[in-house]
Amino acid sequence: MQRSGVRSVGIVAIAGAMLLSACADKTDANSGSGGSGSSSGGSGSVTVSSKSVSGVGDVLVDSDGMTLYYLKTETSGKIMCTGSCADAWPPLLLPSGVTSATAGSGVDASKLGTIARPDGGTQVTYDGRALYLFAGDQSGQATGQGVGGFFAVTTSGSGATGSTGSTGGGGYYKSQ
């Protein structure tokens, strides 16, 4: 039993180090919005598409191919990830003057929406779930899968159930 606990602590330590390193390198791509976060692409629009990511399957991605996540504890349109949480999990924000996200390949446009963030900005939603990126990811990765209650979003709007094997901790949630 003790050996399992040591391994878990090691995994958490590695994930934390990756997160801190990624946060130090990440800049706010949407600094004019009044809140921390990221807008996708440089064209002044946000496109949400579907892409197959190793270990988790077909998930939503932004214009840069970055996996999109939702926070399991956010319900009834209440944003819980603000402050330092939003530094590690930047919300997918619309650029100033843009009123909606564009549905790309494999995405149901009727499920795209927005929500006003308490710390400023307009966050993109899918099937009612606020969308986030993970500061520790690179394009095509889902290293945030299962970390801190965040899960990659599938095209159905549910959470992905797979594990990337890098920082996930098992027990993944999948809504029905």
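A disulfide is a pair of cysteine sulfur atoms within 2.5 Å. In chemical terms, a disulfide is a covalent bond between the sulfur atoms of two cysteines. A search of the whole structure, which is a predicted model, finds 1 disulfide, and this bond joins C81 to C85 with an S to S distance of 2.0 Å. The torsion about the S-S bond of C81 and C85 is about -105°, so the disulfide is left-handed.

Because the model is predicted, local features need pLDDT of at least 70 and side-chain atom pairs count only at pLDDT 80 or more, whereas totals for chains, interfaces and linings use all residues. Residues are numbered from 1 along each chain as its sequence is written, and side-chain values use heavy atoms, with hydrogens and water left out.

**Accessibility of selected residues**

The table uses three classes: buried means under 20% relative accessible area, exposed means over 50%, and partly exposed lies in between (1.4 Å probe, protein chains only).

| Residue | Relative accessible area | Class |
|---|---|---|
| C81 | 0% | buried |
| C85 | 23% | partly exposed |
| R117 | 5% | buried |
| D119 | 25% | partly exposed |
| A101 | 15% | buried |
| T154 | 15% | buried |

**The salt bridge**

The structure holds 1 salt bridge, a term that stands for a side-chain nitrogen of Lys or Arg within 4 Å of a carboxyl oxygen of Asp or Glu. The partners are D119 and R117, whose closest N and O atoms are 2.9 Å apart.

**Strands and sheet**

Helices (H or I, at least four residues) and strands (E, at least two) are DSSP runs, numbered from the N terminus, and two strands pair if DSSP finds at least two bridges between them. An open sheet of 3 strands has the order β2-β1-β4, with mixed pairing; its edge strands are β2 and β4 (102-103), each of which pairs on one side only. Strand β1 (residues 47-53) pairs with β2 in the antiparallel sense over 5 bridges, and V53 stands opposite G57 in β2.

**Nonpolar cores**

A nonpolar core is a set of buried Ala, Val, Leu, Ile, Met, Phe, Trp, Tyr and Cys residues joined through side-chain atoms within 4.5 Å. The largest such core has 18 residues, and those with the most contacts inside it are V56, V59, Y69, C81, W89, Y132 and F150. The elements that give two or more residues to this core are β2 (57-61), β3 (69-71) and β8. Apart from this core lies another, of 17 residues, among them V46, V48, L60 and F151.

**Two buried residues outside the strands**

A101 lies in the loop between α2 (84-88) and β4. Leaving aside its neighbours within four places in sequence, A101 is in contact (heavy atoms within 4.5 Å) with V46, L94, L112 and V124. The C-alpha atoms of A101 and D62, which are 39 residues apart along the chain, are separated by 10.0 Å.

T154 is found in the segment after β8 (150-152). The side chain of T154 makes a polar contact with the side chain of S156 at 2.9 Å; a polar contact is a pair of N or O atoms within 3.5 Å, where within protein one must be able to donate a hydrogen and the other to accept it, and residues adjacent in sequence count only if both atoms are side-chain atoms. Beyond its neighbours within four places in sequence, T154 is in contact with D58, V59, L60, Y126, G159 and A160.
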